[in-house]
Amino acid sequence: MKLSVLWRSAVALSLVTATMLCAAAPLKTLHVLLTKQESVMDPAVASDITTASINENIFEPMLAYDYLARPLKLKVNTLTAMPTISDGGKTYVMHLQHGIMFAPDPAFHHQTRELVAQDYVYAIKRLYDPSLKSPWLFMFEGKLLGDEKLRADKLPAGKKFDMQTQIAGLQALDKYTIQIRLNAPDTNFLFILATTATGAVAKEVVDTYGNQVGNHPVGTGPFMVTQWQRSFQIELSKNPQYRTTPFEADPGSDPVAKAIAARLKGQSLPLVDKVEISIVEEQQARVLGFLNREFDFLEQVPPPLAEMVLKGGKLKPELQQQGIQLSMFPTLQTYYMWMNMEDPVLGGYTPEKIALRRAIALAYNSKEDISLMEKGLAIQAQSPLPPSVLGYDANFVSPVQYDIQLANALLDHFGYQRGADHYRRLPDGQPLQLLMHTEANASGRLRDEVWRKNMDALGIHIQFKADKHSEIIHAARLGKVQMTEADWIADFPDGENFYQLLYGGNVGRANYARFNLPAFNRLYEQSQTMADSPERRHLYRQMALLIHAYNPWVLRTHPLSADVTQPWLQNFRRHPVNFTNWRYLDIAPDARQNSKK
């Protein structure tokens, strides 16, 4: 990692020096924070929000979202035009723009090279590599014509995955043309082509760095990594090879969006020279850092500390006087706690195992959690789908609501008897002991107390194992986590993106709960062939009921994000799907310095 990052840092430094010599304007640096430690910066592997936030500024999919358009609107990114779709929605042909270059890196013979169709073919094939255990394979598995030749579960005995295998469903027709053929129409496929997981990857980079490629991210995006102090600070610099394309957007009638569009009109992105990313896990440090003007904005003010910024649901007057702005944003996000369905204590599909998980779900008091912990900045999650996602049903109400009396009665009925110490034992008389993985920070410790209280009310012993977020994810993929809290934010605005988290085919990848129920799997597979409709929403309702019947998840909340920005920051607008907006942001001339006086 050190060699290539230092090399790119030197490239960025030479660019900075040239810029300073040729222009009087000072360099612009955006100061941001991310709330959890990063993992490997490989778009085929990374699924945590921190790493995905960085990756989407480095790796480029073929399509992208219009920054300002609401409702959401897709547009070309590296293509000359939107894909040509034929054969009843089963064939997609894409033509790449000429002259798009990868960021400089020693892996290339001439420091860089042009983006070609084969880079996208290679990137998508990597999702099938069983050694990567990609959580994004669900987007293509079983959909691409002939992909059984790539799927580890379909290969003949003794045959290994081979990246060189050709399939009819994924081809580079020429240097700049990609053709994708599907087994059946997929109404979400254009959304999939806008996900960072499908971003172009250069084979030379993977060949050069091997299993360390996640430490050497190289893409065609607006930024590149030039400094990296793990789990502390990351510096992105403007990619000197990034193309200059004048900004275009559809702001609609929204006055804020129209003002942003007017400022950005005709400008080439990105607008800042550097992005300094700090990893700030402690909630208080995030808020204090923003108030001390160390960060240009703070997304999702930590609810337990909301009173440091808000008063009566509005920005404090003294902050308003400083020019700080507040915006409320409903994220496409769901918070939940999952339990390992293969765990010998919590897992299984027999009545007594279901009863244990059901009791745990009944012991969770979402209204109290929202009031005390989230300070009202959330709504109760009735199903995995947050509002505004296609397939969301505002009339659906979970049949599993807080009821501690019913929870205890259920455990009594199924043989989880209390001992002399008032704590319960398993039906076979063995001790009942749960272990929850939590994050090693103040927020994690607060969540520990919520679950300790819940389990004490049931007479269940629970212990907590604090660890780094990246280590919890790694252990979860291996099936070595019994239970933990998690959240999922939409990669594309459709219910499929959430229900795939419980699909049996994704066990070992995105399905950390390892839930594998044939009835649920059949409904999910059936729903994949359907567009958003009353018929598909009926299937989603059945799927939600199965989740509540077997309780692999305890659904918690959908957050409402309180975002605050400094007076010098320009063009800030949260996007419902994109994790970041860094390439669009600008610093008002001298405003930061003047505000600090």
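**A dialogue on helix α13, the cores and the loops**

Colleague: Hello! Which residues of α13 are buried?

Modeller: Helices (H or I, at least four residues) and strands (E, at least two) are DSSP runs, numbered from the N terminus. A residue is buried under 20% relative accessible area, exposed over 50% and partly exposed in between (1.4 Å probe, protein chains only). By that test, the buried residues of α13 are H469, S470, I472, I473, A475, A476 and R477.

Colleague: What should I know about the model, and how many of the nine residues of α13 are buried?

Modeller: This is a predicted model, where local features need pLDDT of at least 70 and side-chain atom pairs pLDDT 80 or more, while totals for chains, interfaces and linings use all residues. Residues are numbered from 1 along each chain as its sequence is written, and side-chain values use heavy atoms, leaving out hydrogens and water. Helix α13 spans residues 469–477 and is mostly covered. Of its nine residues, the number buried is seven.

Colleague: Which elements do the buried residues of α13 pack against?

Modeller: Contact here means heavy atoms within 4.5 Å. After α13 comes G479, with a positive phi near 75 degrees. The packing partners of the buried α13 residues are the strands β15 (333–339), β17 (433–439), β18 (461–467) and β19 (483–489).

Colleague: Nice. Which residues have the most contacts inside the largest nonpolar core?

Modeller: A nonpolar core is a set of buried Ala, Val, Leu, Ile, Met, Phe, Trp, Tyr and Cys residues joined through side-chain atoms within 4.5 Å. The largest one has 125 residues. Those with the most contacts inside it are I180, F520 and W582.

Colleague: Staying with W582, what is it in contact with, neighbours within four places in sequence aside?

Modeller: Its contacts reach residues from several stretches of the sequence, including S53, I54 and N57. In full, W582 touches L30, V32, L34, S53, I54, N57, F223, L236, V272, V275, I277 and F297.

Colleague: How many residues are in the second, separate core?

Modeller: That core includes I360, L411, I460 and V554. Its residue count is 28.

Colleague: What radius of gyration does the protein have?

Modeller: The radius is taken over C-alpha atoms, and the globule rule is 2.2 Å times the number of residues to the power 0.38. For 597 residues, a compact globule would come out near 25 Å, so the protein agrees with the rule. The protein's value is 25 Å.

Colleague: Which prolines follow a cis peptide bond, starting from R70 and L269?

Modeller: From R70, the cis bond has omega near 5 degrees and leads to P71, in the loop between β2 (63–65) and β3 (74–76). From L269, the cis bond has omega near -5 degrees and leads to P270, in the loop between α6 (255–264) and β10 (274–279). The two prolines are P71 and P270.

Colleague: And is N551 buried or exposed?

Modeller: N551 lies in the loop between α16 (534–550) and β20 (553–565). Its phi is positive, near 55 degrees, although the residue is not a glycine. With a relative accessibility of 1%, N551 is buried.

Colleague: One last thing: what relative accessible area does R293 have?

Modeller: R293 sits in the loop between α7 (283–291) and β11 (297–298). Its phi is about 70 degrees, again positive without being a glycine. R293 counts as buried, because its relative accessible area is 18%.
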